[in-house]
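Below are some notes for a colleague who is meeting this structure without earlier acquaintance. They take up the overall make-up, then the sheets, then the helix packing and finally two loop residues.

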Amino acid sequence: MGTDGDRLARRVQAVAPRPTLTPEQSQSAIREGMYARENAERLREHPDDINAFVQLCLRDQYNRRWRQQSFHREWHAMADEIGPGGRLLIGAPREHAKTTQMSVGRTLHMLGRNPNLRIKIVCANDSLARSVLREIRVNIERNQDLRDAYPRLLPDEDAGWAKESLFVKRRTMAKDPSVEAAGVLSTGTGGRADLIIFDDVVDLRNAIQQPALRDQVKRAVYEVWLNLLTPDGMAYYVATVWHEADLTAELAGIGQYPANPVWQKWWRPALNEETGEVLWPGRWSKLALERKKLEIGPRPFARQYQLVPLSEDESVFPERILAVARAKGAQWGPGQIEAPADWPRYIGVDLASAMGRKAAYTVAFVIAVGPDGVRYPLEIVRQRLSFDQTVEVIARLWVQHSPMEVRVENNAYQDALLQHLRAQYPSMPLQGHTTGKQKADEQIGLPGLATGMANGAWVIPSGSPHAADCTCPWCAWEAELRSYPVAEFSDTVMAMWFADSAAGTRGMHPADSFRAYFAEDY
Ligand SMILES: [Zn+2]
């Protein structure tokens, strides 16, 4: 203590002007203070009022005290009403604070009033579950408003305070953690639960990219998780929609599934298309929703915000089509196809976002075309690349495969790359694939490609398959095929399409067969 530096610092502090608030800032500070007092009072008088609790103790992304929306109040009213043994299902759009309200807010409120509870939080995977648990933990450790509201809600560090579970100080000696969080398919979670919160257990991977997991998720929930509940135990199931045959659809009783009387249901899209009303005007106005729709495309928007699940019919590459290509490729593992040297090669390149699109990957797709027109994929490069790296990769693939054509996606943003390649490699057989009016083009081109695949024009190397969670370019390709056109990203499918278009009418896969297809089916 007391070096010259410290003294100087104190002197400077003493003379430095205090920061002054603008009138608006002090007004808003006063309003926030009143708001906090009102909610604290309300909670003292009505300890079971979770809306007062959330407004007092939780903060939004701007670190302001939470303002409950009417639909949040509806969720909590239903959750309060279902009673012992009850089941509540909430189907709501993305980014409408489902986790904050139902997993974080309700867990803290319930534990604050009854620290003996045993709550399990189940997400699509372990890492999501852990991040929800982390949020709960940080609140118990550091949230002063929570501490003031429930002074006896304290971490029990002796009993355990781990990344997948936490104990709070309680009177009972139960061995189960106060809160435990896990991925829906994770094993080894046992014990008993008074409440299970299923927080978006269905995701892109287990609903669409790997359809076999759909049934595994259902079995895990019916046969494992729900069996952990005590007879009086309650379950909340909170979700956005994915696929018409997944667990959410089944519990909600939509589409092919009969109404499910066990689960009380709250189910509402972001925008009511009949009345034009939006659910959350302050956050998701009509304009904000329109922007989102433009950004991610109408089909992903319909699923994520309007609760319209993907159906098997609208999948451009359904299982039965992929099966044809996989059967043709059973003798090779990914990346193992060696085509005869005299078969022509083609390369398709989908450029990433540095040049305007949101997706971050650049994908180059190399195929060889057999005498019968069948496409054999030889190499897929899928990486985040700078401009210079992109040039390097394309040059390397050109030298290595000597393609008849390198077809590179071309629009206003990407012109620079083509110009650069042309200047640097005048003999490269470059072709720009103009996707300026791409949507129409893509909507005809991709179903055409799928028809080709159904007719045996494509090989997917399916021998020695990779692990289910592999993210290599080959696995990413198959995952994107399955989720096209509903997922937001399809770079690999686009690169494949450019290569396919470059190969054009060679062999058995001519434009004529597409026309015949459309004449028949459309
Ligand atoms: Zn893989």
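1. Helices (H or I, at least four residues) and strands (E, at least two) are DSSP runs, numbered from the N terminus, and two strands pair if DSSP finds at least two bridges between them. This is a predicted model, in which local features need pLDDT of at least 70 and side-chain atom pairs count only at pLDDT 80 or more, while totals for chains, interfaces and linings use all residues. Residues are numbered from 1 along each chain as its sequence is written.

2. The protein has 19 helices and twelve strands, and of its 522 residues 40% count as buried. A residue is buried if 20 or more other C-beta atoms lie within 10 Å of its own, exposed if 12 or fewer, and partly exposed in between, with C-beta atoms placed from the backbone. Among contacts between residues at least 6 apart in sequence, 69% join residues at least 24 apart; here two residues are in contact if their C-beta atoms, placed from the backbone, lie within 7 Å.

3. One open sheet has five strands in the order β10-β9-β8-β11-β12, with mixed pairing. At its edges stand β10 (375-383) and β12 (430-434), each with a single partner strand, so one side of each is left without a neighbour in the sheet. From one strand to the next the twist averages 20°, where axes are lines fitted to C-alpha atoms, for helices over the stretch in contact, and angles run from 0 to 180 degrees between N-to-C directions.

4. Within this sheet, β9 and β10 run antiparallel and are joined by eight bridges, with Val-363 standing opposite Arg-382 in β10. The two strands form a hairpin with five residues between them, and Gly-373 in the turn has a positive phi of about 90°. Although β10 is an edge strand, seven of its nine residues are buried, so β10 is largely enclosed by the rest of the structure.

5. Strand β8 (residues 345-350) and strand β11 (residues 405-410) run parallel and are joined by four bridges, and the bridge partner of Ile-347 in β11 is Val-406. Helix α14 packs on the sheet, where it touches β8, β9 (362-369), β10 and β11, and its direction makes about 10° with that of β9. Helix α18 (residues 491-503) lies across β8, β9, β10, β11 and β12, and runs at about 140° to β8.

6. A further open sheet has seven strands in the order β3-β4-β2-β5-β6-β1-β7, again with mixed pairing. Its edges are β3 (165-166) and β7 (264-267), each with a single partner strand, so one side of each lacks a neighbour in the sheet. Five bridges join strand β1 (residues 87-91) to strand β6 (residues 229-239), and these two run parallel; Arg-87 has Ala-235 in β6 as its bridge partner.

7. Which residues bring α14 and α15 together? Phe-387, Thr-390, Val-391 and Ile-394 in α14 meet Leu-417, His-420 and Leu-421 in α15. By class, this contact has five nonpolar, two polar and no charged residues, where Ala, Val, Leu, Ile, Met, Phe, Trp, Tyr, Cys and Pro count as nonpolar, Asp, Glu, Lys and Arg as charged, and the others, Gly among them, as polar. The axes of helix α14 (residues 387-401) and helix α15 (residues 415-424) come within 11 Å and cross at roughly 50°, and the two are therefore oblique to each other. For these terms, angles under 35 degrees count as roughly parallel, over 145 as roughly antiparallel, 65 to 115 as roughly perpendicular and the rest as oblique.

8. Helix α3 (residues 50-57) and helix α5 (residues 98-113) pack at an angle of about 100°, with their axes 10 Å apart, which makes α3 roughly perpendicular to α5. In this pair, Ile-50, Phe-53, Val-54 and Cys-57 in α3 meet Gln-101, Gly-105, Arg-106, Leu-108 and His-109 in α5. The contact of α3 with α5 has five nonpolar, three polar and one charged residues by class.

9. Two serines deserve a look in the loops. Most residues other than glycine have a negative phi. Ser-402, however, has a positive phi of about 45°; Ser-402 is placed in the loop between α14 and β11 and, with 11 C-beta neighbours inside 10 Å, counts as exposed. Ser-464 has a positive phi of about 35° although it is not a glycine, and its place is in the loop between α16 (438-454) and α17 (473-483). Ser-464 is exposed, with 10 other C-beta atoms within 10 Å.
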